[in-house]
Amino acid sequence: SSVTDKQARNYSRVFLSGATDELPDKQGRISIPASLRTYAGLDRDVAVIGVGRRVEIWDLVAWETYLAAEEGNYADAAEGVSSNRTL
């Protein structure tokens, strides 16, 4: 077993230790446990982000701050992708 495998297992163990199973109610809503709301800084307004096969729930202000900080990186990446295409 490599160090990388051990690091991946350790990361997964810590990351997933706070996971919970939540079932939607009759209106399709899910409850976010208080410990996870506190950890994520969720108070009132949130952003629900689709990320591949999972969903992330962010505090709205934290999401907007992250998005603004990353916007330049995405613009650079998009420019690189479009300049590498042949028409």
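1. A strand, written β, is a run of at least two residues that DSSP assigns to class E, and strands are numbered from the N terminus. The term is needed for the largest pocket, where β2 supplies five residues, the largest share of the lining. Please keep in mind throughout that this is a predicted model.

2. Overall layout. The protein chain has three helices and two strands. Read from the N terminus, the order of the elements is α-α-β-β-α. The chain has 87 residues, of which 6% count as buried.

3. The largest pocket. This pocket holds about 980 Å³ of space. Two or more lining residues come from each of α1 (3–16), α2 (34–40) and β2. The lining has 21 residues in total, and those nearest the centre of the pocket are F15, L36, V55, E56 and I57. Sorted by class, the lining consists of 14 nonpolar, four polar and three charged residues.

4. The second largest pocket. Its volume is about 160 Å³. The residues that line this pocket are I30, S31, I32, R37, L42, D43, V46, V48 and I57. Six of the lining residues are nonpolar, one is polar and two are charged. I57 deserves a second look, as it lines this pocket and also lies among the residues nearest the centre of the largest pocket.

5. The nonpolar surface patch. I30, V46, V48, V55 and I57 make a nonpolar patch of about 420 Å² on the surface. Strands β1 (46–51) and β2 (54–59) each contribute at least two residues to this patch. I57 belongs to strand β2. Is I57 buried, exposed or partly exposed? I57 has a relative accessible area of 31%, so it counts as partly exposed. A patch residue must have over 30% relative accessible area, and I57, at 31%, therefore passes that cut-off.

6. Salt bridges. How many salt bridges does a search of the whole structure find? The search finds two. Side chains of opposite charge can pair when their charged atoms come close. One bridge joins D25 to R29, with 2.8 Å between the closest N and O atoms. D25 is partly exposed, at a relative accessible area of 34%. The other bridge joins R54 to E56, and here the closest N and O atoms are 2.9 Å apart. E56 is also partly exposed, with a relative accessible area of 22%. E56 appeared above as well, among the residues nearest the centre of the largest pocket.

7. Two buried residues. D59 lies in strand β2. Why does D59 count as buried? The relative accessibility of D59 is 17%, and buried means under 20%, so D59 falls in that class. From D59 to L42 the C-alpha distance is 5.0 Å, although the two residues are 17 residues apart in sequence. W63 is part of helix α3, which covers residues 60–83. W63 also has a relative accessibility of 17% and counts as buried. Between W63 and V46 there are 8.3 Å from C-alpha to C-alpha and a separation of 17 residues in sequence. V46 is one of the residues of the nonpolar patch, and L42 is one of those that line the second largest pocket.

8. Two exposed residues. S35 is in helix α2. With a relative accessibility of 54%, S35 counts as exposed, because the class of exposed residues begins over 50%. The C-alpha atoms of S35 and G18 are 8.4 Å apart, and the two residues are 17 residues apart along the chain. D21 sits in the loop between α1 and α2. D21 has a relative accessible area of 80% and is exposed. D21 is eleven residues from I32 in sequence, and their C-alpha atoms are 9.9 Å apart. I32 is one of the residues lining the second largest pocket.

9. Points to check in the viewer. A reader could start at I57 in strand β2, which is part of the nonpolar patch. Next come R54 and E56, the partners in one salt bridge. After that, D59 and L42 can be found with their C-alpha atoms 5.0 Å apart.

Note on methods:
Residues numbered from 1 in each chain as written. Predicted model: local features only at pLDDT ≥ 70, side-chain atom pairs only at ≥ 80, totals over all residues. Heavy atoms only, no water. Patch = residues over 30% accessible without salt bridge, like charges linked within 9 Å, V, L, I, M, F, W, Y side chains within 5 Å. Areas by Shrake-Rupley, 256 points an atom, 1.4 Å probe, with all protein chains shown as cover. Salt bridge = Lys/Arg side-chain N within 4 Å of Asp/Glu carboxyl O. Helix = DSSP H or I, 4+ residues; strand = E, 2+ residues; numbered from the N terminus. Buried < 20%, exposed > 50% of the residue type's maximum accessible area, 1.4 Å probe, protein only. 1 Å grid on protein atoms, 1.4 Å probe; cavity = no way out; pocket = protein on both sides within 12 Å on 5 of 7 lines; lining within 4 Å. Points joined across faces, edges and corners; volume = space filled by probe spheres on them. Nonpolar A, V, L, I, M, F, W, Y, C, P; charged D, E, K, R; others polar.
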